[in-house]
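Here are some notes for a colleague who is opening this structure for the first time. Please keep the sequence and the 3D view at hand while reading the points in order.

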Amino acid sequence: MHAHNGLDLTPLSGQFSGSLIPPEHPEYDAVRQLWNAMADKRPALIARCQSEADIQAALAFAQQHSLEIALRGAGHNIAGNASCNDGLLIDLSLMNEVTVDPATQLVQAGPGATLGQIDAACQAHELAVPVGINSTTGIAGLTLGGGFGWLTRRFGMTVDALRAARVVTVDGDVVEASADSHPDLFWALRGGGGNFGVVSRFDFQAYPVGPEVFAGLVVFPFAQAQAVLEQYRNWILTTPETFNAWVVIRHAPPLPFLDPAVHGTKVVVLAICHSGELAEGEALADTLRGFGEPHGAHLGAMPYAEWQQAFDPLLTEGARNYWKTHNFTELSAPLVETALDYAEGLPGPECEVFFAVIAGAANRVASDATAWSARDARFVMNVHARWQEAAEDERFIQWSRALFRATAPYASAGAYVNFMTEEEGGRVEDAYQQNYARLKLVKQQWDPNNQLHLNQNISPD
Ligand SMILES: Cc1cc2nc3c(=O)[nH]c(=O)nc-3n(C[C@H](O)[C@H](O)[C@H](O)COP(=O)(O)OP(=O)(O)OC[C@H]3O[C@@H](n4cnc5c(N)ncnc54)[C@H](O)[C@@H]3O)c2cc1C
């Protein structure tokens, strides 16, 4: 069996249990799509794996045919590295099984699992793994880059909950990485991205959460942003770690609890999730509401898994997206002022600037304990430009870069590789700080020829 591009698929198809999708396949265009429409890539072949044996066969095929290799979980990575032109895309999205052992509270997730699938399986036992805030994001890329969300203040980064990973190496071996088995590889996987092998299973520690949390939104007019954030910026660090409230500056979506006259106007949203006592969450949210005169609020007890899907409608795939990120130890007054200056000029209705709060458990881990190193970071900013038309690219990208540059003087060390749209001239090295040299050694051991280079690359050279 030959693909139209000449690739002989016969040897692979005989040993492959998933599906092989060459460009002429009717599903090719649907399957090759990534979350970020700016990454429009055409692999020579997509190998949709169903098993570790499929991953081994796909890796061997790529090597026999000297094909560049891309790895994909749910395809959310902003940099578009989860595909390639003319190479082999190893698509793991079908390997999405999640099992939970309620006795040990250990969770096993396939590399294609989405956060929504993990939340659903865990919440059946009133458990949760600390993951991100959008249910369609993939666990693989999220975990390998660090991972944070509403529960990070309380339970740490996603990598802090990782207990083991099974890895198919570029040589085709299957190894278990944990504190006791290949500990260097396990260390590198906790933040070092897809540089070291193909992860075929993630094992996490889950924690009791829910089933209900106190959650919702408080929406202030942009004109009050300065006053609200002045009160918020130190107060948030005094709240219990069960409480989280992220700042989102954007144009108001058509939320039903807002007066239609507010829709499309600039607002500051405080997005709240409290996983402790519901009454305590309500009291904290009341304090926050009092920081100004909100346009409106939608707050209350709701299932944790439902809150985890609250932002999905704003974060659908297929739009053009460009992100820039910094870490901060504090939201200083000049930082807030600078961010608001640029937010004043938000270039489109879907753009936002957000400040996530990760202060808490993640800060109590040593910065060399995992590859993810920014243990002093208490806030992560994402400048999220989002638009529809390719002709508009330059305008949106320039706005993101300008805000990024203007806030750089206030940034702390490191950077979140999962929020980096492109290789930014040495920024990968800066992201890992003092851990970079060790990551290079691990890379030399597990992928000395840099076969897995479509990622925020740690070069072995
Ligand atoms: C809408 C949206 C919301 C987000 N929210 C959050 C958030 O709240 N918190 C947060 O921390 N991050 C968040 N992110 C960022 C997210 O963590 C990254 O985009 C992440 O890479 C997504 O994982 P994925 O599996 O979907 O990525 P993919 O694009 O499928 O993969 C990303 C990269 O990971 C590597 N990779 C994938 N699978 C494997 C594997 N099995 N073995 C080895 N390497 C592999 C490859 O290098 C690949 O290029 C968000 C992203 C989006 C688009």
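1. A good place to begin is the loop between β11 (207–208) and β12 (212–221), where Pro 211 lies. Please bear in mind throughout that this is a predicted model. The peptide bond leading from Gly 210 into Pro 211 is cis, and its omega is near 10°.

2. A second backbone feature concerns Ser 66, which is found in the loop between α3 (52–64) and β3 (69–72). Phi of Ser 66 is near 50°, a positive value in a residue that is not glycine.

3. The next points turn to helix packing, and two packed helices are described by the angle between their axes together with the distance between the axes. For helix α11 (residues 333–343) and helix α12 (residues 393–407), the axes come within 9 Å and cross at roughly 165°. Angles over 145 degrees count as roughly antiparallel, and α11 and α12 are therefore roughly antiparallel to each other. The crossing of this pair, α11 and α12, is right-handed.

4. Which residues of α11 and α12 make the contact? From α11 come Leu 335, Thr 338, Ala 339 and Tyr 342, while α12 contributes Trp 399, Ala 402, Leu 403, Ala 406 and Thr 407. Sorted by class, the contact of α11 with α12 has seven nonpolar and two polar residues, with no charged residues.

5. Helix α11 also meets helix α8 (residues 225–235), and the axes of α8 and α11 come within 10 Å and cross at roughly 145°. The crossing in which α8 passes α11 is right-handed. On the α8 side the residues are Ala 225, Gln 226, Leu 229, Glu 230 and Arg 233, and in α11 they meet Ala 333, Val 336, Glu 337 and Leu 340. By class, the contact of α8 with α11 divides into five nonpolar residues, one polar and three charged.

6. The last point concerns the ligand, and one may ask how many residues surround the ligand. There are 34 of them, and the closest are Gly 73, Gly 75, Asn 77, Phe 148 and Tyr 416. A backbone N or O atom of Gly 75 lies 2.7 Å from an oxygen atom of the ligand, and a backbone N or O atom of Phe 148 lies 2.7 Å from a ligand nitrogen atom. A polar backbone atom of Leu 454 is 3.5 Å from an oxygen atom of the ligand.

Methods
Residues numbered from 1 in each chain as written. Predicted model: local features only at pLDDT ≥ 70, side-chain atom pairs only at ≥ 80, totals over all residues. Heavy atoms only, no water. Axes fitted to C-alpha atoms, helices over the stretch in contact; angles between N-to-C directions. Helix = DSSP H or I, 4+ residues; strand = E, 2+ residues; numbered from the N terminus. Parallel < 35°, antiparallel > 145°, perpendicular 65-115°, else oblique. Left-handed = near helix turned anticlockwise from the far one by under 90°. Contact = heavy atoms within 4.5 Å. Nonpolar A, V, L, I, M, F, W, Y, C, P; charged D, E, K, R; others polar. Near = heavy atom within 4 Å. Polar contact = N/O pair within 3.5 Å; in protein donor to acceptor, adjacent residues only side chain to side chain.
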